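Dear colleague,

I am passing on the structure shown below, together with some notes on what was found in it. Please read the notes with the structure open beside them.

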Amino acid sequence: MHPTRESCTVMAWAFLAIAVVFEIVFALGTNATKGFTRLWPSVLTLTAAAGGIYTLSLALRTLDVSVGYTIWTGLGSIGTVVLGALIYKERITLPKLISFASIIAGAVTLKLASGI
C-alpha cells in the first residue's frame, strides 16, 4: 500500500520539527565547543549539524524548499535565542522580541500560502 499525500505531509512536518531541534542543538553546541577545542561538545555539534541537514532533506521531499528552509532557519533562530538566554544568560531585548514576532508571522504566512 502506498502512503497517502496526507500521511506524507504529516511526516514531512515531523521531519521538519526534528530538523529544527537539531538546528538549535547545533547552534548552541557550537558555542559550547569553544572553537571546536572541546571533544564532546564538538561531537554533539557535528552530529546535530548532520542530523539537521538529513532530516531537513527528508522534509523537503514533500515540502517546498521556500517553506521548509525558511521555517527551519526561522524556528531554529528563535529557539537558539530563547535557549541562549536561558543557558548562556544572553539578554532578550524589545528589538529581539519584535524580530521573533516577525519570524513567526512569516513562517505562519508561508505555511498558509503553501497550501501544504
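The notes below go through the helices, their contacts and two loop residues.

Please bear in mind throughout that this is a predicted model.

I begin with helix α2, which covers residues 39-59. At 1.5 Å a residue, its 21 residues should span 30 Å, and the C-alpha atoms at its ends are indeed 30 Å apart, which agrees. Several residues of α2 are buried, namely Pro41, Ser42, Thr45, Ala48, Ala49, Gly51, Gly52, Thr55, Leu56, Leu58 and Ala59, and what covers the buried residues of this helix includes α1 (5-32) and α3 (65-88).

The next pair to look at is α1 with α3. These two helices pack at an angle of about 45°, with their axes 8 Å apart. Because angles under 35 degrees count as roughly parallel and those from 65 to 115 as roughly perpendicular, that angle makes α1 oblique to α3. The crossing in which α1 passes α3 is right-handed. On the α1 side the contact involves Trp13, Leu16, Ala19, Val20, Glu23, Ile24, Ala27, Leu28, Asn31 and Ala32, and these meet residues of α3 that include Val67, Ile71, Trp72, Leu75, Leu83, Ile87 and Tyr88. Sorted by character, the residues of this contact comprise 15 nonpolar, 6 polar and 1 charged.

Helix α3 also packs against helix α4 (residues 94-114), here at an angle of about 155° and with the axes 10 Å apart. Angles over 145 degrees count as roughly antiparallel, and α3 and α4 are therefore roughly antiparallel to each other. In this case the crossing is left-handed. The residues that make the contact are Ser66, Val67, Thr70, Ile71, Gly74, Ile78, Val81 and Val82 from α3, together with Lys96, Phe100, Ile103, Ile104, Ala107, Leu110 and Ser114 from α4. Of the residues in the contact of α3 with α4, 10 are nonpolar, 4 are polar and 1 is charged.

Finally, two loop residues deserve a look when you inspect the backbone. Phenylalanine 36, in the loop between α1 and α2, has a positive phi of about 60° although it is not a glycine, and with a relative accessibility of 41% it counts as partly exposed. Lysine 89, in the loop between α3 and α4, likewise has a positive phi, near 60°, in a residue other than glycine, but lysine 89 is exposed, with a relative accessible area of 66%.

With best regards

Definitions and conventions: Residues are numbered from 1 along each chain as its sequence is written. This is a predicted model: local features need pLDDT of at least 70, side-chain atom pairs count only at pLDDT 80 or more; totals for chains, interfaces and linings use all residues. Side-chain values use heavy atoms; hydrogens and water are left out. Helices (H or I, at least four residues) and strands (E, at least two) are DSSP runs, numbered from the N terminus. The expected span of a helix is 1.5 Å times one less than its number of residues. Buried means under 20% relative accessible area, exposed over 50%, partly exposed in between (1.4 Å probe, protein chains only). Contact means heavy atoms within 4.5 Å. Axes are lines fitted to C-alpha atoms, for helices over the stretch in contact, and angles run from 0 to 180 degrees between N-to-C directions. A crossing is left-handed if the near helix is turned anticlockwise from the far one by less than a right angle, and right-handed if clockwise. Ala, Val, Leu, Ile, Met, Phe, Trp, Tyr, Cys and Pro count as nonpolar, Asp, Glu, Lys and Arg as charged, and the others, Gly among them, as polar.
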